[in-house]
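Visitor: I am new to this structure and would like to ask a few things about it. Please show it first.

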Protein chains: 2
Amino acid sequence: MKKFLNAPETAVDDALAGLAAAHPELAVDRALRVVARASGARPGKVGLVSGGGSGHEPLHTGFVGPGMLDAACAGEIFSSPTPDRILAATRAAAAGAGVVHIVKNYTGDNLNFDMAAELAREEGIEVAKVTVADDVAVEDAGTAGRRGTGAALIVEKTAGARAEEGADLAAVVAVARQAAESSRSYAVALAAGTVPTTGRPSFELPDGLVESGVGIHGEPGRARAPLRPARDLAAAIADAVLADLPRRNEPVIALVNGLGATPLMELYVVYGHVAEELAHRGIAIARNLVGTYVTSLDTAGVSLTLCRADPALLRLWDAPVRTPALRWG
Amino acid sequence: MKKFLNAPETAVDDALAGLAAAHPELAVDRALRVVARASGARPGKVGLVSGGGSGHEPLHTGFVGPGMLDAACAGEIFSSPTPDRILAATRAAAAGAGVVHIVKNYTGDNLNFDMAAELAREEGIEVAKVTVADDVAVEDAGTAGRRGTGAALIVEKTAGARAEEGADLAAVVAVARQAAESSRSYAVALAAGTVPTTGRPSFELPDGLVESGVGIHGEPGRARAPLRPARDLAAAIADAVLADLPRRNEPVIALVNGLGATPLMELYVVYGHVAEELAHRGIAIARNLVGTYVTSLDTAGVSLTLCRADPALLRLWDAPVRTPALRWG
């Protein structure tokens with residue numbers, strides 16, 4: 001394994017140290033691994049908190065700032081942060097109007113965020129939870145259900161904008177739920193990432209094969225097939241997402257996302273074919289984002305997230321955002 | 001070789017198609033491979049043009065937009081665009097106040113930009129050339145000299161801001177030269193990228209070794225050494241850059257840049273140690289940028305660019321920019 005790290009055990013801490021050095025507008029508590037806005041919580045604003053295992057950067061720590069999250073909590077690589085740390089992030093985000101927990105749907109994250117919410121409520125902080133479960137590669141069966149992946153970005157962006165303009169807790173939660181429930185994702189990989197502590201790729205993929213339906217924690221996919229031209233892969237990915245996307249007469253926000261080691265040139269090739277596919281099916285892309293935002297260490301892969309968006313959601317998507325990884329408006 | 005492409009021969013065209021689909025604010029001429037602002041050249045504004053071989057995305061096509069380039073020209077992978085295409089980009093950028101060619105220092109780019117400039121002058125377009133030659137891994141010896149790499153971003157950003165505020169050709173050129181002459185870079189790689197047409201990595205690097213002083217076209221480095229902790233690598237990279245950086249009592253703009261397949265987590269680890277190193281040496285980092293901007297296909301590597309910056313240059317760095325890959329202000 002070759003990585004720009006000091007040691008597997010210090011990867012998360014060392015990356016947070018770099019984040020803190022690069023971004024004085026963030027308050028980085030390296031002991032608790034909580035990243036918040038240095039300006040503090042704005043009195044009366046609903047607070048937005050997310051977090052989860054590390055290895056998905058810039059998600060979530062790179063999305064802290066005006067127009068998006070108030071605080072994020074980083075766990076070990078691919079491992080949920082503990083409740084005490086999520087509680088610390090919740091405190092950092094609390095400003096009298098309640099806090100929304102945006103939680104990707106994994107067993108550990110659900111448990112730990114729920115425990116942190118209980119502890120926060122005991123301190124008088126109102127907490128609402130919004131679950132992100134967009135990955136159609138996993139059937140919705142039982143307690144776990146679909147995994148949360150790329151839609152987290154769209155939920156955090158739109159709900160963050162709604163909170164920034166002064167909406168109350170119920171209104172911010174409504175936007176977050178709308179974005180989460182309107183989004184579906186699917187990912188494929190050409191090569192698995194390598195967890196620093198194991199030093200080996202999460203799964204072995206022979207030459208000439210593509211793994212279809214991978215997760216963002218090194219979970220292998222639901223099918224393995226010969227590598228095809230990007231045009232065909234993009235069509236298959238779009239098929240998978242559209243098969244489960246809510247059928248409403250709304251345009252979509254389209255996110256073509258690299259999983260960590262995929263060059264931008266390839267992401268644009270995929271985006272071009274996704275756009276063609278959707279045009280053929282009469283689905284308008286109202287907004288798009290092409291880049292590396294929700295990752296899985298150094299996985300060579302790409303994910304597509306589509307989110308049905310009404311004018312209200314598009315307005316929130318367009319609203320100004322100032323974070324390390326997402327800036328516009 | 002595994003990539004999200006249709007065929008090696010169509011990679012550049014397919015990526016430009018995706019860029020066009022994603023960014024209606026850009027006018028993408030796929031036949032000429034020229035990317036310009038869809039709004040056209042603003043009368044009386046100095047035009048900024050850059051370009052070069054493809055495979056370095058988002059450089060340069062992702063830097064077209066208000067506050068940065070007016071037009072960019074994309075060659076084949078790692079191969080300079082031809083003079084007729086650079087001429088087309090120059091025409092697209094010309095608005096009566098002259099055009100600046102920002103050229104990374106490679107033999108092919110120099111020749112083709114010079115020929116294009118001659119052709120443009122015959123059409124009555126005033127053209128000035130600014131050469132970017134920041135890579136300290138290559139000795140300044142003879143006609144070729146140092147290679148142009150990460151500093152191109154800083155030159156395009158600052159000169160672009162100066163042009164946007166209405167400065168004349170001489171003033172924009174002065175800023176571009178100041179940024180170019182004040183910048184130095186150095187890059188290391190853990191694994192070489194793979195050119196689609198060859199299907200093989202540009203060089204083989206055994207397990208446990210790092211290639212030091214690599215270029216952005218698969219050029220091997222000037223030394224090969226055992227992989228060390230990121231702290232030590234960052235110190236060595238900073239050493240190399242600082243040994244050749246102009247010695248002025250000015251702070252620096254620091255760019256820690258991924259070469260295409262390096263996760264953001266690792267870039268932040270490196271940035272943290274670069275910041276420590278510079279602090280030890282009493283060099284202030286006035287601004288920083290951490291991300292994947294000047295790449296070499298899917299090379300797993302990192303480059304450091306430092307640019308001595310006076311208050312005037314910092315003001316231009318901070319000015320608003322609206323491009324696919326760089327947005328702030």
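Visitor: Which residue in β4(A) does A:V35 stand opposite?

Guide: This is a predicted model. In chain A, strand β2 (residues 34-37) and strand β4 (residues 71-77) run antiparallel and are joined by three bridges. Opposite A:V35 in β4(A) stands A:A72.

Visitor: In what order do the six strands of the open sheet in chain A lie?

Guide: The pairing in this open sheet is mixed. Its edge strands, each paired on one side only, are β1 (26-29) and β6 (127-132) of chain A. From one strand to the next the twist averages 20°. The order is β1-β2-β4-β3-β5-β6.

Visitor: Which helix of chain A packs on that sheet, touching β2, β3, β5 and β6?

Guide: The strands touched include β3 (47-54) and β5 (99-104) of chain A. The direction of the helix makes about 160° with that of β3(A). The helix covers residues 151-164 and is α4 of chain A.

Visitor: Is A:C73 buried or exposed?

Guide: A residue counts as buried under 20% relative accessible area and as exposed over 50%. A:C73 has a relative accessible area of 2%, so A:C73 is buried.

Visitor: What is the relative accessibility of A:C307, and how many disulfides are there over all chains?

Guide: A:C307 counts as buried because its relative accessibility is 0%. A disulfide needs two cysteine sulfur atoms within 2.5 Å. By this rule the count over all chains is zero.

Visitor: What relation connects chain A and chain B?

Guide: A turn of 180° with a shift of 0.0 Å along the axis lays chain A on chain B, with an RMSD of 0.0 Å. That is why the relation is that of a two-fold axis.

Visitor: Which residue of chain A comes closest to the rotation axis?

Guide: The distance is taken at the C-alpha, and for the closest residue of chain A it is 1.9 Å. The same surface serves both copies, as 100% of the contact residues of chain A recur in chain B. The residue closest to the axis is A:A261.

Visitor: At roughly what angle do the axes of α7 of chain A and α1 of chain B cross?

Guide: Two packed helices are described by the distance between their axes and the angle between them. Helix α7 (residues 264-280) of chain A and helix α1 (residues 11-22) of chain B have axes that come within 7 Å. Among the residues making the contact are A:M265, A:Y268 and A:G272 of α7(A), and B:A15, B:G18 and B:L19 of α1(B). The crossing is left-handed, at roughly 60°.

Visitor: Which strands are the edge strands of the six-stranded open sheet in chain B?

Guide: The strands of this sheet follow the order β9-β8-β7-β12-β10-β11, with mixed pairing. Strand β8 (residues 209-212) of chain B runs antiparallel to β9(B), and four bridges join them. An edge strand here pairs on one side only, and the two are β9 (223-226) and β11 (285-291) of chain B.

Visitor: Which residues does B:E250 touch, not counting those up to four places away in sequence?

Guide: B:E250 lies in the loop between α6 (230-244) and β10 of chain B. With 19% relative accessibility, B:E250 counts as buried. The residues touched are B:R308, B:A309 and B:D310.

Conventions
Residues are numbered from 1 along each chain as its sequence is written. Chains are lettered from A and ligands numbered from 1 in the order in which they are written. This is a predicted model: local features need pLDDT of at least 70, side-chain atom pairs count only at pLDDT 80 or more; totals for chains, interfaces and linings use all residues. Side-chain values use heavy atoms; hydrogens and water are left out. Copies are superposed by least squares on the C-alpha atoms of residues with pLDDT of at least 70 in both. Contact means heavy atoms within 4.5 Å. Buried means under 20% relative accessible area, exposed over 50%, partly exposed in between (1.4 Å probe, protein chains only). Two strands pair if DSSP finds at least two bridges between them. Axes are lines fitted to C-alpha atoms, for helices over the stretch in contact, and angles run from 0 to 180 degrees between N-to-C directions. A crossing is left-handed if the near helix is turned anticlockwise from the far one by less than a right angle, and right-handed if clockwise.
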